[in-house]
Amino acid sequence: MSKIEEVKANVETGKTKLVPGLVQAALDEGNPAEAILEAMVAAMGVVGDKFSSGELFVPEMLIAAKAMAKGVEVLKPHLAGTAATALGTCVIGTVRGDLHDIGKNLVAMMIESAGFDMVDLGVDVSAAKFVEAIKANPNVKLVACSGLLSTTMPAMKETVATIKESGLTGFKVIVGGAPVTPEFAAEIGADAYAPDAGKAASKAKELVMAA
Ligand code: B1M
């Protein structure tokens with residue numbers, strides 16, 4: 001088994017203590033950080049499928065998520081570059097009712113490395129909390145909302161509407177997460193949609209530089 005395959009297998013089975021060392025070994029073997037990340041994301045896909053089919057339950061999903069988070073810590077310096085330009089502040093959060101944060105953390109990391117200062121509100125963030133954070137932080141140029149559950153898509157819609165109706169201006173709103181589509185993003189009035197962390201960072205840069 002290659003080191004990348006070992007990383008995938010150990011994320012899947014939630015081996016929190018082993019994953020960081022395996023990620024480091026995979027890096028030492030010369031594997032690109034992006035390929036290692038892809039393997040970990042694929043592992044979470046398998047975990048999700050096994051959850052859907054009743055083979056795994058919430059505790060196993062949680063442990064796999066912890067294992068992946070430990071692996072991402074090792075990968076972080078290899079994924080995030082240093083930006084030459086300061087693009088302003090980004091406020092990010094996972095919307096109300098939703099506790100998934102791995103994708104949101106990856107998006108935050110990539111947007112930060114594109115040149116934004118990051119204000120991460122965490123998970124289960126209400127629309128009002130997003131608005132408060134925009135008011136409290138000077139120079140907000142981007143608001144990023146993540147959501148992983150189809151049941152929290154209405155909360156994303158409410159968040160975007162509340163932000164847009166707040167009268168606050170000078171920033172763009174980007175949304176994403178597995179159940180979110182470009183059509184849904186447009187329908188709820190978001191300025192942009194991105195399917196993954198890398199594209200979220202390039203889109204963020206493009207949006208702010210065009211404004
Ligand atoms: Co949950 N969960 N979960 N879960 N979980 C999913 C999402 C699910 C698809 C599993 C399944 O059934 N196959 C399913 C959702 C079904 C649906 O609504 N369509 C699901 C469910 C049902 C649930 C619960 C309801 C289970 C229950 O209690 N019965 C419950 C809900 C809790 C809540 O939030 N209120 C629940 C709980 C959990 C845990 C807490 C145990 C844990 C999360 C721990 C954590 O995040 N710290 C968990 C996990 C781990 C998963 C899976 C297995 C993995 C998620 C993940 O981290 N993926 C997931 C199955 C799956 O994803 N296939 C599943 C890896 C991550 C890198 O990908 O987050 O998609 P992702 O992020 C991507 C893109 O989506 C995008 O970029 C990232 C990659 O570059 N992206 C953005 C994300 N945000 C973005 C924002 C952007 C742009 C792009 O712009 C702002």
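**Around the ligand and its cobalt**

Q: Which residues come nearest to the ligand?
A: There are 36 residues around the ligand, each with a heavy atom within 4 Å of it. This is a predicted model, in which local features need pLDDT of at least 70, side-chain atom pairs count only at pLDDT 80 or more, and totals for chains, interfaces and linings use all residues. Residues are numbered from 1 along each chain as its sequence is written, and side-chain values use heavy atoms, without hydrogens or water. The nearest of the 36 are S52, L99, H100, D101 and S146.

Q: Which residue is the only protein donor of the cobalt atom of the ligand?
A: A donor is an N, O or S atom within 2.8 Å of the metal (3.2 Å for Na, K and Ca), and sites may look incomplete because water is not among the atoms. Here a NE2 atom lies at 2.2 Å from the cobalt. Its residue sits in the loop between β1 (88-94) and α5 (102-113), where helices (H or I, at least four residues) and strands (E, at least two) are DSSP runs numbered from the N terminus. The donor residue is H100.

Q: Which residue has a side-chain N or O atom 2.7 Å from a nitrogen atom of the ligand?
A: Polar contacts are pairs of N or O atoms within 3.5 Å; within protein, one must be able to donate a hydrogen and the other to accept it, and residues adjacent in sequence count only if both atoms are side-chain atoms. G97 has a backbone N or O atom 2.9 Å from a ligand nitrogen, and the side chain of D101 places one at 2.8 Å from a ligand nitrogen. The 2.7 Å contact is made by the side chain of S146.
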